Amino acid sequence: MNLQVKNEWSLIRAWREYLGITQAEMATRLEVRQPTYASMEAPRPGREKRRAQIAQALGISIDQLTIRDRKMAYRRLGIAG
């Protein structure tokens, strides 16, 4: 998840990029339009239900999208921050 740290992306976008999934594919998996999905992955707090759907579409756990403390995220990723 070094992508998230380097680019200041949301964890959702970092996971999507890491897994090589396009926004269009995520939109299809979530049955929404691509612009709608793009707004979902914007770096801001999201609703828990939608985050759970996104985690499922990425094939990861909801816990992997909910790191709230950046320093804790750095520690978990083994990155000096």
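**Salt bridges and core in an all-helix chain**

Arg29 has a relative accessible area of 40%, so Arg29 counts as partly exposed. Keep that residue in mind. This is a predicted model, and Arg29 is a good way into it.

What does Arg29 pair with? Its side chain meets that of Glu25 in a salt bridge, 3.0 Å from N to O. Both residues lie in helix 3, four residues apart, which is about one turn of the helix. Glu25 is partly exposed too, at 34% relative accessibility. As general background, side chains of opposite charge can pair when their charged atoms come close.

Now the count. How many salt bridges are there in total? Four. Salt bridges with shared partners join Arg13, Arg16, Glu17 and Glu41 into one network.

Let's walk through that network. Start with Glu17. Glu17 makes a salt bridge with Arg13, and the closest N and O atoms are 3.4 Å apart. Both sit in helix 2, residues 11–18. They are four residues apart, again about one turn of the helix. Glu17 also takes part in a salt bridge with Arg16, where the closest N and O atoms are 3.3 Å apart.

Next, exposure. Is Arg16 buried or exposed? Arg16 has 5% relative accessibility, so Arg16 counts as buried; the cut-off for buried is under 20%. Its partner Glu17 comes out at 31%, so Glu17 is partly exposed. Arg13 is at 28%, so Arg13 is partly exposed as well.

Step back to the whole chain. The protein chain has six helices and zero strands. Read along the sequence, the pattern is α-α-α-α-α-α. The chain has 81 residues, and 32% of them are buried. The accessible surface comes to about 5400 Å². Carbon and sulfur atoms hold 48% of that surface. On contacts: take those with a separation of 6 or more. Of these, 45% are between residues 24 or more positions apart.

Now the inside. In soluble globular proteins, nonpolar side chains tend to be buried together. Here, the largest nonpolar core has 15 residues. Which residues have the most contacts inside it? They are Met26, Leu30, Tyr37, Ile54, Leu58, Ile60 and Leu65. Helix 2, helix 3, helix 4 and helix 5 each give two or more residues to this core. Helix 5, residues 48–58, gives the most, with four residues.

Take Leu58 from that list. What does Leu58 touch, leaving aside its neighbours within four places in sequence? Leu58 is in contact with Ile12, Trp15, Arg16, Leu19, Ile21, Met26 and Arg29. Two names there should sound familiar. Arg16 is the buried arginine of the network. Arg29 is the partner of Glu25. So the contacts of Leu58 include residues that also form salt bridges. Met26 is on the list as well, and Met26 is among the core residues with the most contacts.

One last stop, at a loop. Where is Glu31? Glu31 is found in the loop between helix 3 and helix 4, with helix 3 spanning 23–30 and helix 4 spanning 34–40. Glu31 has a positive phi of about 60°, although it is not a glycine. Buried or exposed? Glu31 has a relative accessible area of 74%, so Glu31 is exposed.

To recap. Six helices, zero strands. Four salt bridges, with one network that joins Arg13, Arg16, Glu17 and Glu41. A largest nonpolar core of 15 residues, to which helix 5 gives the most. And Glu31, exposed, with its positive phi.

Conventions. Residues numbered from 1 in each chain as written. Predicted model: local features only at pLDDT ≥ 70, side-chain atom pairs only at ≥ 80, totals over all residues. Heavy atoms only, no water. Buried < 20%, exposed > 50% of the residue type's maximum accessible area, 1.4 Å probe, protein only. Core = buried A, V, L, I, M, F, W, Y, C linked by side-chain atoms within 4.5 Å. Contact = heavy atoms within 4.5 Å. Areas by Shrake-Rupley, 256 points an atom, 1.4 Å probe, with all protein chains shown as cover.
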